[in-house]
Amino acid sequence: MVETDSEGRDKKVTRRQFARGFVLAALAAATGSLLSFLKLLAPSKKGGGYVATVAAGDRLVYAGGNRQGSLLKASEFKAGDAVLVYPEGKSGNEANLVQLIRLEESEFKAPTRKELTDQGFVAYSAICTHLGCIVGWIKDKKDPEASYIECPCHNSIFNPEQGARVMGGPAPIPLAQIGVKVSADGTLVFTSGFSGPIGPQV
Ligand code: FES
């Protein structure tokens with residue numbers, strides 16, 4: 001068997017060398033497949049590696065859209081509105097992503113922690129507790145009370161009026177709540193860290 005080296009010279013490859021190379025390549029492929037298989041069998045780490053750094057006093061900013069990075073004003077939201085937000089200056093960490101919703105205050109029921117809400121604003125981790133996709137707000141324009149948080153990956157549904165209780169789908173636990181309040185200047189500020197675990201919990 002003839003091969004060409006880097007300087008263009010012909011180089012002979014014996015059958016034995018060729019066979020050894022073939023066996024090594026096959027072994028490498030088999031090892032890779034075995035490792036992938038073992039990874040599938042191994043239980044995933046709870047939390048999926050998400051470590052939030054949001055803290056009381058951080059101000060809320062838009063996470064996306066043409067106002068990305070700018071401060072939120074409470075007056076821009078009415079009951080039934082929702083938006084994804086980050087703590088100011090901490091958007092590089094997806095674990096800090098939060099789903100903020102404004103509801104009628106009278107709609108909150110247990111186990112929502114009312115002391116973490118203000119003027120109808122309630123906030124939850126935006127990282128689904130199933131496999132970590134980012135949740136979204138499904139708004140029913142005719143009936144705001146029929147609106148809900150949904151994960152687009154496997155359709156888990158969370159009830160924002162009841163502490164993000166799981167109402168359907170494979171998510172094992174609610175989204176963790178986080179405290180928010182309206183400041184004197186009308187901007188919004190976090191008042192706590194997350195009330196429970198965030199990220200995948202399977
Ligand atoms: S990742 Fe959200 S339902 Fe599966």
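Buried means under 20% relative accessible area, exposed means over 50%, and partly exposed lies in between. Keep those cut-offs in mind for the charged residues below. The model is predicted.

Side chains of opposite charge can pair when their charged atoms come close. A search of the whole structure turns up 7 salt bridges. Three of these pairs follow, including their settings in the chain.

Start with D81 and K139. Their side chains form a salt bridge, at 2.8 Å from N to O. D81 sits in the loop between β3 (60-62) and β4 (82-87), while K139 sits in the loop between β7 (136-138) and β8 (148-150), so the bridge ties together parts that are 58 residues apart in sequence. D81 has a relative accessible area of 14%, so it is buried. K139 has 37% relative accessibility, so it counts as partly exposed. The pair also belongs to a network: salt bridges link K78, D81 and K139.

Next, look at K109 and E161. Their side chains meet in a salt bridge at 3.4 Å, N to O. This pair, too, links distant parts of the chain. K109 is in the loop between β5 (98-102) and β6 (121-125), and E161 is in the loop between β9 (157-159) and β10 (165-168), 52 residues apart. K109 is partly exposed, at 40% relative accessibility. E161 is buried, at 7%.

Finish with R113 and E115. A salt bridge joins their side chains at 2.8 Å, N to O. R113 is partly exposed, with a relative accessible area of 37%. E115 reaches 55% relative accessibility, so it counts as exposed.

Conventions
Residues numbered from 1 in each chain as written. Predicted model: local features only at pLDDT ≥ 70, side-chain atom pairs only at ≥ 80, totals over all residues. Heavy atoms only, no water. Salt bridge = Lys/Arg side-chain N within 4 Å of Asp/Glu carboxyl O. Helix = DSSP H or I, 4+ residues; strand = E, 2+ residues; numbered from the N terminus. Buried < 20%, exposed > 50% of the residue type's maximum accessible area, 1.4 Å probe, protein only.
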